[in-house]
Amino acid sequence: MIIIKKIKFRIYSYLNDFIKIESQKNLKLIDERYYIHHYRGRQTIKDRIESIGVPHPEVALILNNSRAVDFSYLVQSGDFFSIYPHLYTFKLPEEVKLLNEYSEKPKFILDVHLGRLARYLRRFGFDTAYRNDYQDREIVDQAVSEKRIILSRDRGLLMRKRVKWAKFIWSDDPKKQLKEVFDRFQLAQYYQGQESRCVNCNTKLVDIDKEKIIERLEPKTKKYFDDFKYCPRCDKIYWCGSHYEKTEKMLTKLKQQKSNTQ
């Protein structure tokens, strides 16, 4: 005889947005904050959390009856779990963290749907791997080997076992996507305006003397600008023109806005 077991969840903040209760046969919402979940067999809490739609990289803390547990915990019928998301103002003691914090300037890898976001992140100096023909397995392999944070709108990709650092991107607006990433990983502390990367290929830009490229410049650019940067990989020239000023203002405005998700 197959035994049906039952556990209780309390899901906090935006993690509830991952859950589509109408498509869940084994999940019942009993009020605005609590769920009853039925399962069979031997299951880890990671399996149960992802079975209701929440990718494990989005979970910062799991409490079972007020005691911290990790993803490998084997659930028992009658357990009551509180599931918390990453909130950048919420600092956890080392002994209860599910994953060590990303301890250096963030590096990213993006799925094929986030090309504009990749360009923005590169513009602000963040090492951002992106191709429009990436396969999911390639993204995970590169993220693991190069210690990159995965940004994706594909929950299935974020649920892969080997994925560590990752964030689900909620908005389909690239500017709002940038806001999400800046808030979640506190990127403002790393951007001081000095470093930038080629938006096309991610190569670090280098300073170049105006005289070396003067024949390639438009008349007004020659007249009004003296400082230039150069991409040694794709041969593109950059300067602080109107586009640079627009993106600086865009970032300032985004920092001032309140975000609903991290």
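**Entry 1, charges.** I began with the charged groups of the protein, which number 52 positive and 36 negative. I found their mean positions to be 4 Å apart. I note here that the model is a predicted one.

**Entry 2, overall form.** I next looked up the extent of the protein: along the principal axes, its C-alpha atoms fill a box of roughly 80 × 35 × 35 Å. I recorded eight helices and 13 strands.

**Entry 3, surface and interior.** I noted an exposed area of about 15,100 Å² for the protein, with 46% of it supplied by carbon and sulfur atoms. Of the 262 residues, I found 48% to be buried. I then turned to contacts with a separation of 6 or more, and recorded that residues 24 or more positions apart account for 62% of them.

**Entry 4, glutamine 186.** I looked up the backbone of glutamine 186 and found a positive phi of about 50°, although the residue is not a glycine. I placed glutamine 186 in the loop that runs between helix H5 (174–184) and strand E11 (206–208). I entered glutamine 186 as partly exposed because its relative accessibility is 33%, which falls between the cut-offs of 20% and 50%.

**Entry 5, asparagine 202.** I found a positive phi in asparagine 202 as well, near 80°, again in a residue other than glycine. I located asparagine 202 in the loop between H5 and E11. Is asparagine 202 buried or exposed? I entered asparagine 202 as buried, since its relative accessible area is 11%, and buried means under 20%.

Notes
Residues numbered from 1 in each chain as written. Predicted model: local features only at pLDDT ≥ 70, side-chain atom pairs only at ≥ 80, totals over all residues. Heavy atoms only, no water. Helix = DSSP H or I, 4+ residues; strand = E, 2+ residues; numbered from the N terminus. Buried < 20%, exposed > 50% of the residue type's maximum accessible area, 1.4 Å probe, protein only. Contact = heavy atoms within 4.5 Å. Areas by Shrake-Rupley, 256 points an atom, 1.4 Å probe, with all protein chains shown as cover. Lys, Arg positive; Asp, Glu negative; His and termini not counted. Charge placed at Lys NZ, Arg CZ, Asp CG, Glu CD.
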